[in-house]
Amino acid sequence: MKRAIFAGGCFWCTEAVFKRLKGVESIKSGYTGGFIKNPAYREVCQGRTGHTEGIRLDYDETLISYVELLEVFFATHDPTTLNRQANDVGTQYRSVIFYKNEEQKKAAEIIIAELNKEVFNNKIVTTLEPFKAFYKAKDYHQNYYANNKEQPYCQMVIQPKLEKFEKVFKDRLKKK
C-alpha cells in the first residue's frame, strides 16, 4: 500500500470522491499542515491552528497510480481559488498536496505545470508541502456523506460534485 495526503476544501467532499475510486483501500478525514498537535474541529474551523481539512488515503498502486490520484484531485475542486471552495472560506479550505517523498513532489510539479499551460485560465494556487503530521477527525466526520445524505450540505454541495465526478471518471470507479 502507498499513502497520499490531499486537501481540497471540505474533507467531507474530498473523502466522498476518493472513496469511490478503484484502488483506494482506506481513507480518513482529518487535519494536516498546522502548527499545533491534535487540533479540535472548532479550532481548525476558526482558522487558528494553521491546519487544513484533508484526507489521508491508502491505495494499491497496481490498481491506481499517484498521478491518477492527482488527476482526480485537480478535477474535483477549484485549484485556482485561494483559501476557498464554494461557500467554504478560510485557510482551513486551502488546496494543498502534502508529499511524502521527492517522487510525489515531482509528480505534482509536473501535473501543475501541465495544467497551468493547457487547462486552467487562472494560475493554480495549490501548494506543495512536505507531509509532517495528520490528525484524524472525530468519528462523526468519517464517511460523512454516506452517513448523512439527507443533510442539506450533502444534497447541495457533495451530491452534485459526485455526479460530475462519476461521469468523468466512470472507468475508475469501484464496482457497486
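Accessible areas here come from the Shrake-Rupley method with a 1.4 Å probe, and on that basis the surface of the chain in this predicted model comes to about 9600 Å², with 49% of it belonging to carbon and sulfur atoms. Buried residues make up 44% of the 176 residues in the chain.

The chain has six helices and eight strands, which follow one another along the sequence in the pattern β-α-β-α-β-α-β-β-β-α-β-β-α-α. The radius of gyration is 15 Å, close to the 16 Å that the globule rule gives for 176 residues, so the chain is as compact as a globular protein of that length. Of the contacts with a separation of 6 or more, 76% are accounted for by residues 24 or more positions apart.

Turning to the interior, the largest nonpolar core holds 40 residues, of which Phe6, Phe18, Leu57, Tyr66 and Leu69 touch the most other members. At least two residues of this core are supplied by each of several elements, including strand S1 (2-8), helix H1 (11-18), helix H3 (66-75) and helix H6 (152-168). Apart from this core lies another, of five residues, among them Ala7, Val96, Phe98 and Phe134. Tyr66, leaving aside its neighbours within four places in sequence, is in contact with Ala4, Phe6, Tyr59, Ile97, Gln104 and Ala107.

Aromatic rings deserve a separate look. With ring centres required to lie within 6.5 Å, the count comes to nine aromatic pairs. In one pair, the rings of Phe73 and Phe74 have their centres 5.1 Å apart and their planes at 75°, so the pair is edge-to-face. Both Phe73 and Phe74 are buried, and together with Phe6, Phe18 and Tyr66 they form one aromatic cluster.

Definitions and conventions
Residues are numbered from 1 along each chain as its sequence is written. This is a predicted model: local features need pLDDT of at least 70, side-chain atom pairs count only at pLDDT 80 or more; totals for chains, interfaces and linings use all residues. Side-chain values use heavy atoms; hydrogens and water are left out. Rings of Phe, Tyr and Trp (its six-membered ring) pair if their centres lie within 6.5 Å; planes under 30 degrees apart count as stacked, over 60 as edge-to-face and the rest as tilted. Buried means under 20% relative accessible area, exposed over 50%, partly exposed in between (1.4 Å probe, protein chains only). A nonpolar core is a set of buried Ala, Val, Leu, Ile, Met, Phe, Trp, Tyr and Cys residues joined through side-chain atoms within 4.5 Å. Helices (H or I, at least four residues) and strands (E, at least two) are DSSP runs, numbered from the N terminus. Contact means heavy atoms within 4.5 Å. The radius of gyration is taken over C-alpha atoms; the globule rule is 2.2 Å times the number of residues to the power 0.38.
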